[in-house]
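Trainee: Could you take me through one part of this model slowly? I would like to look closely at the surroundings of the ligands and at what lies around them.

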Amino acid sequence: MSDTQLTRRNILRGRLGPQAPCVCPPGVSLDGLAACTSCGACVTACPTGIITFAGGKPSIDFSRGECTLCGKCGDVCPEPVFDRSAPPAFDHVIRIADSCLALHRTDCQSCRDHCPVDAIRFEPQLGGPFRPLLDPEICNGCGACLSVCPIGAIGVAPLARKDMAKGNIAGGSTGGGQMHG
Ligand code: SF4
Ligand code: SF4
Ligand code: SF4
């Protein structure tokens, strides 16, 4: 791992902090999480290694990588933790903080370049570089954009998909998540 990657991870971890809320695996609600026995099967099964334990419950750490929504965590779970009535999905979308470099006259489009579903586009702003515009209707919460942000400006917005008006852009809180633990 390069120093740069370490720095990004440290930034992310520093931003989230040890008391930060946790992010449920896809298809897991807070009610479902109560049935978790902390067996660790989902942790072992995750091909991108992003499931960790927080407070004895599985939690997604997007500083490690992205969720491909493969569903393997739910497939191996022996308990009624995951909603298997629908394909795996997150309830959250992401939110871009005011610290975004593009909002401070520094050209950066890393998040857009790494988004697999083109949920982030950039629009011109007067007298500065292009600025990010997130479409919460498209964002699936996969987290691929989090670890590539050089300053850790992207966080998780809990249960925000239905609440966020289409076109809501940078600004607001970061680092939130689906609370548990
Ligand atoms: S859906 Fe796949 S990639 Fe995402 S957390 Fe579960 S096992 Fe990991
Ligand atoms: S596999 Fe299921 S019961 Fe086991 S730790 Fe993961 S969520 Fe909990
Ligand atoms: S979390 Fe949303 S915006 Fe970020 S890469 Fe995934 S789909 Fe794209």
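Mentor: Happy to! Keep in mind that this is a predicted model, so let us begin with how far to trust it. The average pLDDT of the protein chain is 81, and 76% of the residues reach at least 70. Residues 1–19 fall below 50, and this stretch makes 16 contacts in the model beyond near neighbours in sequence. Residues 165–181 are also below 50, with 60 contacts of that kind in the model. Where pLDDT is low, predicted coordinates should not be read in detail.

Now for the frame. The protein chain holds five helices and six strands, and their order along the sequence is α-α-α-β-β-α-β-α-β-β-β. Of its 181 residues, 38% count as buried. Among contacts with a separation of 6 or more, 69% join residues 24 or more positions apart.

With that in place, let us turn to the ligands, starting with ligand 1. It has 16 residues around it, and the closest are Cys 46, Cys 67, Cys 70, Lys 72 and Cys 73. By class, this shell is made up of 12 nonpolar, three polar and one charged residues.

Ligand 2 is next. Its surroundings include a run from Cys 36 through Thr 37, Ser 38, Cys 39, Gly 40 and Ala 41 to Cys 42. Pro 58, Val 76, Cys 77, Glu 79 and Val 81 are also around ligand 2. Eight residues of this shell are nonpolar, three are polar and one is charged.

Ser 38 deserves a pause here. You will find Ser 38 in the loop between α2 (30–33) and α3 (41–45). Its phi is near 65°, a positive value in a residue that is not glycine. Ser 38 counts as exposed because 12 other C-beta atoms lie within 10 Å. Arg 105 also has a positive phi, about 65°, without being a glycine. Arg 105 sits in the loop between β3 and α5 (110–114), and it counts as exposed because it has 10 C-beta neighbours inside 10 Å.

For a contrast in burial, look at Asp 61, in the loop between β2 (57–60) and α4 (72–76). Asp 61 is buried because 21 other C-beta atoms lie within 10 Å. Leaving aside neighbours within four places in sequence, Asp 61 is in contact with Ile 50 and Thr 52. The C-alpha atoms of Asp 61 and Ile 51 are 6.2 Å apart, although 10 residues separate the two along the chain.

That leaves ligand 3, which is surrounded by 13 residues; Cys 115, Cys 139, Cys 142, Ala 144 and Cys 145 are the closest. This shell has nine nonpolar and four polar residues, with no charged ones.

Cys 145 leads us from the ligand into the core. Not counting residues up to four places away in sequence, Cys 145 touches Ile 94, Cys 111, His 114, Cys 115, Ile 120 and Ile 154. In soluble globular proteins, nonpolar side chains tend to be buried together. Here, the largest nonpolar core has 39 residues, and Ile 94, Cys 145 and Ile 154 have the most contacts inside it. The elements giving two or more residues to this core are β3 (93–96) and β6 (154–157). Domain 1 (3–76) and domain 2 (93–157) each supply at least three of its residues.

So, as you turn the model, Cys 145 is a good place to rest your eye: it is among the residues closest to ligand 3 and among those with the most contacts inside the largest nonpolar core.

How values were computed
Residues are numbered from 1 along each chain as its sequence is written. Chains are lettered from A and ligands numbered from 1 in the order in which they are written. This is a predicted model: local features need pLDDT of at least 70, side-chain atom pairs count only at pLDDT 80 or more; totals for chains, interfaces and linings use all residues. Helices (H or I, at least four residues) and strands (E, at least two) are DSSP runs, numbered from the N terminus. A residue is buried if 20 or more other C-beta atoms lie within 10 Å of its own, exposed if 12 or fewer, and partly exposed in between; C-beta atoms are placed from the backbone. Two residues are in contact if their C-beta atoms, placed from the backbone, lie within 7 Å. A residue is near a molecule or strand if its C-beta atom, placed from the backbone, lies within 6 Å of it. Ala, Val, Leu, Ile, Met, Phe, Trp, Tyr, Cys and Pro count as nonpolar, Asp, Glu, Lys and Arg as charged, and the others, Gly among them, as polar. pLDDT is the predictor's confidence in each residue, from 0 to 100. A nonpolar core is a set of buried Ala, Val, Leu, Ile, Met, Phe, Trp, Tyr and Cys residues joined through C-beta atoms within 7 Å. Domain bounds come from an automatic or database domain assignment.
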